[in-house]
Amino acid sequence: MSSRTNPKVAVLMGGPSAEREVSLSSGRECAAALRGEGFEVVELDAGPDLYARLLDIKPDVVFNALHGRWGEDGCVQGLLEWMRIPYTHSGVLASALAMDKQRSKEAFRIAGLPVADSVIVPKAEVMADHVMAAPYVVKPNNEGSSVGIYLVHEGANGPPKLSDDMPEQVMVEQYVAGRELTVTVMGDRALTVTEIMTDGWYDYDAKYKPGGSWHVLPAEIPTEIFDRCMDYALRAHSLLGCRGVTRTDFRWDDAQGADGLFLLETNTQPGMTPTSLAPEQGEYCGMTFGQFCAWMVEDASCDR
């Protein structure tokens with residue numbers, strides 16, 4: 001990082017993914033918070049001219065507030081490595097691996113972490129017939145924020161009709177009933193466990209619209225389950241080679257005790273909006289939103 005008193009931070013936001021609007025919201029919130037912490041900040045909507053814009057801006061650090069493909073899957077991380085600009089969050093390999101739900105689950109399974117059964121299947125096959133016993137979930141293998149998720153209930157008359165913008169290959173995953181839990185990891189520390197409450201499915205709107213969900217922090221769950229969530233999140237973060245801040249999501253069927261806890265996925269670019277979970281956990285641990293963002297800038301590097 002530069003020795004300038006106030007490092008110049010380029011906050012990457014927007015981009016071309018399905019999560020563009022959420023990323024814009026995250027980026028604006030982070031940019032405002034970093035200005036409040038004394039950083040010189042340039043907000044940058046990541047488009048095809050990103051390389052040229054970065055050459056012109058000459059930032060000391062890039063704060064990556066992109067979500068979804070291209071920003072969260074190792075692509076922009078590779079560009080920043082090539083340009084030798086320090087950046088926040090995880091590096092190329094960890095980002096790519098975490099974004100590929102099936103491959104990351106295979107790594108988790110080998111390491112002994114509990115994950116739900118799933119398969120990658122052509123979209124046409126999924127719409128032709130049930131490829132596993134209901135209930136199950138159909139989703140893209142490489143998107144986040146509940147984009148393009150279909151829940152097929154037990155007793156459904158037929159397979160789901162998927163939208164035209166779903167990819168040609170999709171993940172079909174055993175549905176895990178129960179409570180929605182999540183843990184933020186910051187460096188080498190798991191912060192706490194949050195339970196996410198909704199009136200229905202925890203979909204895109206529930207995640208990002210005010211009032212779409214409410215959070216119990218810390219989660220009111222047995223100590224054994226709480227400790228397992230904290231341990232599994234740290235292990236997942238380390239196993240994938242993640243850096244900076246991540247968030248790992250779980251489902252827990254309390255009727256099954258410890259056997260009902262399943263790790264769903266690890267997010268290398270957790271949301272940073274007013275309704276987001278990671279900043280809320282940081283605040284619970286004594287950090288303001290500005291301090292939380294500043295920590296990520298100070299943690300930034302190349303070769304992540």
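Two strands count as paired when DSSP finds at least two bridges between them. In this predicted model, strand β1, residues 8–13, meets that criterion with β2 through six bridges in the parallel sense. One of the residues involved is lysine 8, whose bridge partner in β2 is glutamate 40.

The pair belongs to an open sheet of three strands. Strand order is β2-β1-β3, and the pairing is parallel. The edges are occupied by β2 (40–45) and β3 (61–64). Each edge strand has a single partner, so one of its sides lacks a neighbour in the sheet. From one strand to the next, the twist averages 25°. Helix α2, residues 50–57, lies across β1, β2 and β3. Its direction is at about 165° to β2.

The largest nonpolar core comprises 26 residues. Within this core, Leu181, Val193 and Phe250 have the most contacts. Two or more residues each come from α4 (92–99), β8 (179–186), β9 (189–197), α8 (223–240), β11 (245–252) and β12 (261–267). Helix α8 supplies the largest share, eight residues. Another core, of 25 residues, lies apart from this one. Its members include Val11, Val61, Ala294 and Ala300.

Leucine 181 was examined further. With residues up to four places away in sequence left out, leucine 181 touches Val193, Thr194, Glu195, Ala219, Ile221, Ile225, Cys229, Thr248, Asp249, Phe250, Trp252 and Leu261. Val193 and Phe250 thus appear in this contact list, and both are named with Leu181 among the core residues with the most contacts.

Notes: Residues are numbered from 1 along each chain as its sequence is written. This is a predicted model: local features need pLDDT of at least 70, side-chain atom pairs count only at pLDDT 80 or more; totals for chains, interfaces and linings use all residues. Side-chain values use heavy atoms; hydrogens and water are left out. A nonpolar core is a set of buried Ala, Val, Leu, Ile, Met, Phe, Trp, Tyr and Cys residues joined through side-chain atoms within 4.5 Å. Buried means under 20% relative accessible area, exposed over 50%, partly exposed in between (1.4 Å probe, protein chains only). Helices (H or I, at least four residues) and strands (E, at least two) are DSSP runs, numbered from the N terminus. Contact means heavy atoms within 4.5 Å. Axes are lines fitted to C-alpha atoms, for helices over the stretch in contact, and angles run from 0 to 180 degrees between N-to-C directions.
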